[in-house]
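User: I am new to this structure and would like to go through it in steps. Please start with the overall picture.

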Amino acid sequence: MIKIPLQRLQQEGDLEFHFSGSQEELGLSDIEFPVREIDIRFHLIEADHGYYLAGDLAGIASLECHRCLTTFTRVLDLELSTLIVLDNAEEFELEDDIIYIPDDAQAIDVTGYIHDAILLDLPVKFLCKKDCQGLCAQCGTNLNVSSCDCDTETIDPRWQKLRELNLEE
């Protein structure tokens with residue numbers, strides 16, 4: 001869990017933080033893929049109605065390619081920037097990219113924000129490389145490693161009438 005004590009921030013006004021460790025040590029174990037060597041650096045300053053957090057995160061994620069099912073690594077390098085608002089700040093509407101904390105909070109837990117930042121940085125479809133050939137739909141051969149002799153011209157008979165169309169007329 002990544003918690004920032006507010007008492008120290010209120011005394012000093014601007015603080016820098018550095019968190020480094022494993023996914024489990026930082027309370028990010030609910031991310032569905034392994035992330036290792038997580039290094040988070042940010043500073044927190046007082047702002048109107050709360051605090052402003054800015055910094056960066058570096059790490060290495062182990063992902064499974066959605067086409068060929070091989071495991072590959074992806075470097076995580078993202079910027080962190082968010083506003084942390086006290087609940088009594090009425091001029092702020094509820095927004096997803098703002099962390100709301102109670103007025104009497106003693107610490108800010110940014111674990112959820114870090115978790116979401118990692119997930120939002122990743123593409124929807126994990127590919128080991130842009131031109132990944134995937135697996136053969138018939139025999140399961142990884143087409144990035146070798147080829148197979150499967151007939152790829154055979155189409156579903158329900159689509160055969162589309163082949164008979166003459167689209168050049």
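User: What share of the residues of the protein count as buried?

Analyst: The model is a predicted one. The protein has 169 residues. A residue counts as buried when its relative accessible area is under 20%. The share of residues that meet this is 33%.

User: What radius of gyration does the protein have, set against a compact globule of 169 residues?

Analyst: The C-alpha atoms fill a box of roughly 75 × 40 × 25 Å along the principal axes. A compact globule of 169 residues would have a radius of gyration near 15 Å. The value for the protein is 24 Å.

User: In what order do the elements run from the N terminus on?

Analyst: The protein has 3 helices and 7 strands. Read from the N terminus on, their order is β-α-β-β-β-β-β-β-α-α.

User: Which residues have the most contacts inside the largest nonpolar core?

Analyst: Nonpolar side chains tend to be buried together in soluble globular proteins. Here the largest nonpolar core has 40 residues, and α1 (6-12), β2, β3, β4, β5, β6 and α2 each supply at least two of them. Ile-40 touches, among others, Phe-17, Phe-19, Leu-57, Leu-80 and Ile-114, with residues up to four places away in sequence left out. The residues with the most contacts inside the core are Ile-40 and Ile-114.

User: Which elements are included in what covers the buried residues of α2?

Analyst: Helix α2 spans residues 111-121, and its buried residues are Thr-111, Tyr-113, Ile-114, His-115, Ala-117 and Ile-118. The cover over these buried residues includes β3, β4 (50-64), β5 (71-86), β6 (98-101) and β7 (107-109).

User: Are the planes of the aromatic pair Phe-19 and Phe-42 stacked or edge-to-face?

Analyst: The structure holds 3 aromatic pairs. In the pair of Phe-19 and Phe-42, the ring centres are 6.0 Å apart, with 25° between the planes. Phe-19 lies in strand β2 (residues 14-21) and Phe-42 in strand β3 (residues 35-47), 23 residues apart. Planes under 30 degrees apart count as stacked, so this pair is stacked.

User: Which residues form one aromatic cluster with Phe-19?

Analyst: Phe-19 and Phe-42 are both buried. The cluster that holds Phe-19 also takes in Phe-17 and Phe-42.

User: Does Gln-23 count as buried or exposed?

Analyst: Gln-23 is in the loop between β2 and β3. The side chain of Gln-23 reaches the backbone nitrogen of Val-35 at 2.8 Å. Beyond four places in sequence, the contacts of Gln-23 include Leu-28, Phe-33 and Ile-38. Because its relative accessibility is 5%, Gln-23 counts as buried.

Conventions:
Residues numbered from 1 in each chain as written. Predicted model: local features only at pLDDT ≥ 70, side-chain atom pairs only at ≥ 80, totals over all residues. Heavy atoms only, no water. Phe/Tyr/Trp six-rings, centres within 6.5 Å; stacked < 30°, edge-to-face > 60°. Helix = DSSP H or I, 4+ residues; strand = E, 2+ residues; numbered from the N terminus. Buried < 20%, exposed > 50% of the residue type's maximum accessible area, 1.4 Å probe, protein only. Contact = heavy atoms within 4.5 Å. Core = buried A, V, L, I, M, F, W, Y, C linked by side-chain atoms within 4.5 Å. Polar contact = N/O pair within 3.5 Å; in protein donor to acceptor, adjacent residues only side chain to side chain. Rg over C-alpha atoms; globule rule 2.2 N^0.38 Å.
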